[in-house]
Amino acid sequence: MTSQVYEFQAQARQLLDLMVHSIYSNKDSFLRELISNASDAVDKLRLEGLRDKDLDADISDLAIRLTPDAEARTLTVSDNGIGMTRDEVIDLIGTVAKSGTDELRRKLAETDAKDAGELIGQFGIGFYSVFMVADSVELVTRKAGESVGTRWSSTGDGTYTLDEVADAPQGTAITLSLKPVDDENAVHDYADQNVLRRLVKKYSDFISWPIRMTVTKQVPADPDIEGAEPTVEEVDETLNSQKALWAKSPGEVSDEEYAEFYRHVSHAWDDPLETISLHAEGTFEYQALLFIPTQAPFDLFMRERASGIHLYVKRVFIMDDATELMPEYLRFVQGVVDAADLSLNVSREILQQDRQIRAIRRRLVKKVISSVQELQDRRPEDYQTFWGNFGRVFKEGLINDQDNAKAILKASVFASTNSETEPTTLVDYLSRCKPEQDVIYYMTGESRTQIERSPHLEAFRAKGIEVLLLSDPVDEVWVSSGIDFEGKQLVSVAKGVVDLDDADAADTDEDKSKRDEQFAPLLSWMGQTLADDVSEVRLSSRLTESAACLVGDDFSMTPQLEKLYRASGQ
Ligand code: ADP
Ligand code: MG
């Protein structure tokens with residue numbers, strides 16, 4: 001079969017373009033990406049081999065290999081993992097499955113070159129990062145159990161070529177024709193054994209499969225043999241220490257090692273904001289290493305987003321999308337759980353039923369929430385970063401996790417009339433309010449500005465009573481769930497009779513009844529005239545400037561929720 005030329009999918013072309021004209025300064029990261037992919041591929045084959053005893057593939061010596069050629073200026077990264085079929089190559093390498101690339105493109109257009117690295121970090125660019133350092137790339141792969149392999153090659157210019165390969169070895173080999181070494185861009189010589197040795201140590205030391213390289217060693221001449229010459233010997237060297245970081249105690253692991261591991265499991269390019277290490281012994285034995293990212297991934301609010309928890313059983317990789325171990329509202333958490341007592345054959349169905357998994361999940365959830373609380377208590381700046389990126393997601397737990405709702409509420413912050421810029425915790429809110437105030441006031445709306453314009457706030461402002469200003473769609477739902485904080489109900493300023501008169505001593509009962517009498521005819525006329533639109537017209541002390549405002553009754557929806565329902569056609 002002759003070779004066939006294909007066009008990259010449009011989005012893939014944009015990404016490639018980005019890489020070829022790379023604005024990202026840390027070009028070394030391509031190696032980490034290739035090794036990470038190779039490691040995933042080997043994990044998959046090992047698992048497949050355990051599950052399917054008839055699989056025609058050798059899993060006796062699974063490994064990753066680097067083969068630099070200084071003269072030809074090439075570097076090959078190969079693995080004997082699961083490999084890809086021809087269709088998979090087209091699907092996985094020729095297209096960008098990740099949605100959000102358009103957004104990346106748009107953001108890049110409005111970003112300075114020097115900030116582009118951060119953006120790339122946010123979107124995580126895997127395989128295509130090879131085009132930062134290579135003029136052309138060739139990938140040869142054969143899927144485990146298949147006889148014919150596929151060669152993919154491209155110069156990153158919009159098209160790629162596919163060929164059939166009769167004698168491809170099991171797994172995947174990726175050969176880069178390296179760009180000339182260019183000191184100005186701080187591009188290292190990736191065909192140099194010493195450079196590679198150093199980069200593997202730095203980025204991929206924890207990878208659980210051996211990363212091997214054939215190195216040349218000078219063997220001194222044997223002094224006992226007369227006239228003997230020094231010789232050069234070729235030996236295989238394993239470049240990484242292969243230690244499972246989650247099995248070590250935190251004191252033994254450096255921040256940098258954790259950060260690299262985080263980037264490997266999450267396929268992200270940023271640093272973790274917080275690292276959580278957990279070793280449980282007793283009934284259920286397991287180890288967990290979890291990370292809260294610094295940056296929000298672009299697909300945080302996309303439905304098809306995978307869970308970030310990888311499940312291992314006694315160091316053997318089982319699955320990378322263990323949704324059973326982390327609730328949706330903590331979907332930003334990335335990491336590894338290694339359970340000692342599960343079967344290697346565990347299926348998703350079993351996981352859903354498993355008592356052990358449920359127990360682990362309960363513990364992990366509590367641990368993540370308390371870590372957020374700790375950020376709030378001890379690292380205000382990091383907490384602010386966390387809240388800006390994940391607050392809206394975290395608050396979903398107020399609706400979906402009754403058991404932990406109080407803890408989530410405590411670890412959350414809210415905009416309030418107390419400050420233009422600084423959100424408040426509920427603890428601080430209570431510390432500021434008068435002792436006789438026995439509820440927490442809030443108002444929901446589309447934005448802070450919109451809420452602040454509301455006449456409902458007038459009397460509260462006049463009387464100096466603090467009101468939470470809630471403008472995330474999720475707020476609307478949790479506030480109406482009847483949750484309280486330290487025994488104080490949350491009360492909407494836009495609902496029912498908000499009695500502020502207690503706080504206003506000048507207004508005696510006598511004044512009040514006199515006023516009621518005076519306005520009775522007007523109220524009854526208004527009530528009749530507006531009968532189709534409102535259920536009652538009453539005098540109120542809640543306004544100081546506006547003449548009238550609409551309120552719901554105690555059990556009705558807030559205006560915002562009404563709008564939400566109306567918009568969805570209900
Ligand atoms: P990600 O690793 O985040 O999925 P990449 O761009 O790094 O994104 O890789 C895209 C996909 O290509 C991988 O998900 C995997 O399915 C496939 N792939 C890449 N490298 C290999 C490899 N060495 N062996 C098998 N499949 C691979
Ligand atoms: Mg990858």
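**Notebook: helix H2, its partner H6 and ligand 1**

I began with the contact between two helices, and I found that Leu31, Arg32 and Ile35 in H2 meet Leu199, Tyr203 and Ser204 in H6. Sorting the residues of this contact by character, I noted four nonpolar, one polar and one charged. I keep in mind throughout that the model is predicted.

Next I looked up the geometry of the pair, since two packed helices are described by the angle between their axes and the distance between the axes. The axes of H2, which covers residues 29–51, and of H6, which covers residues 193–204, come within 10 Å and cross at roughly 65 degrees. Because angles from 65 to 115 degrees count as roughly perpendicular, I entered H2 as roughly perpendicular to H6. I also recorded that the crossing in which H2 passes H6 is right-handed.

I then turned to the ligand and asked which element gives the largest share of the shell around ligand 1. It is H2, with four residues, and both H2 and helix H3 (86–93) supply at least two residues each. In total I listed 15 residues surrounding ligand 1, the closest being Asn37, Ala41, Leu92, Gly126 and Phe127. By character, the shell around ligand 1 divides into seven nonpolar, six polar and two charged residues.

Last, I checked the confidence of the model. The protein averages a pLDDT of 86, and 85% of the residues score at least 70. Confidence is highest in strand S3 (residues 74–79), at a mean of 98, and lowest in helix H18 (residues 559–567), at a mean of 57. For the model as a whole I wrote down an ipTM of 0.99 and a pTM of 0.77.

Note on methods:
Residues numbered from 1 in each chain as written. Chains lettered and ligands numbered in written order. Predicted model: local features only at pLDDT ≥ 70, side-chain atom pairs only at ≥ 80, totals over all residues. Axes fitted to C-alpha atoms, helices over the stretch in contact; angles between N-to-C directions. Parallel < 35°, antiparallel > 145°, perpendicular 65-115°, else oblique. Left-handed = near helix turned anticlockwise from the far one by under 90°. Contact = placed C-beta atoms within 7 Å. Nonpolar A, V, L, I, M, F, W, Y, C, P; charged D, E, K, R; others polar. Near = placed C-beta within 6 Å. pLDDT = per-residue confidence, 0-100.
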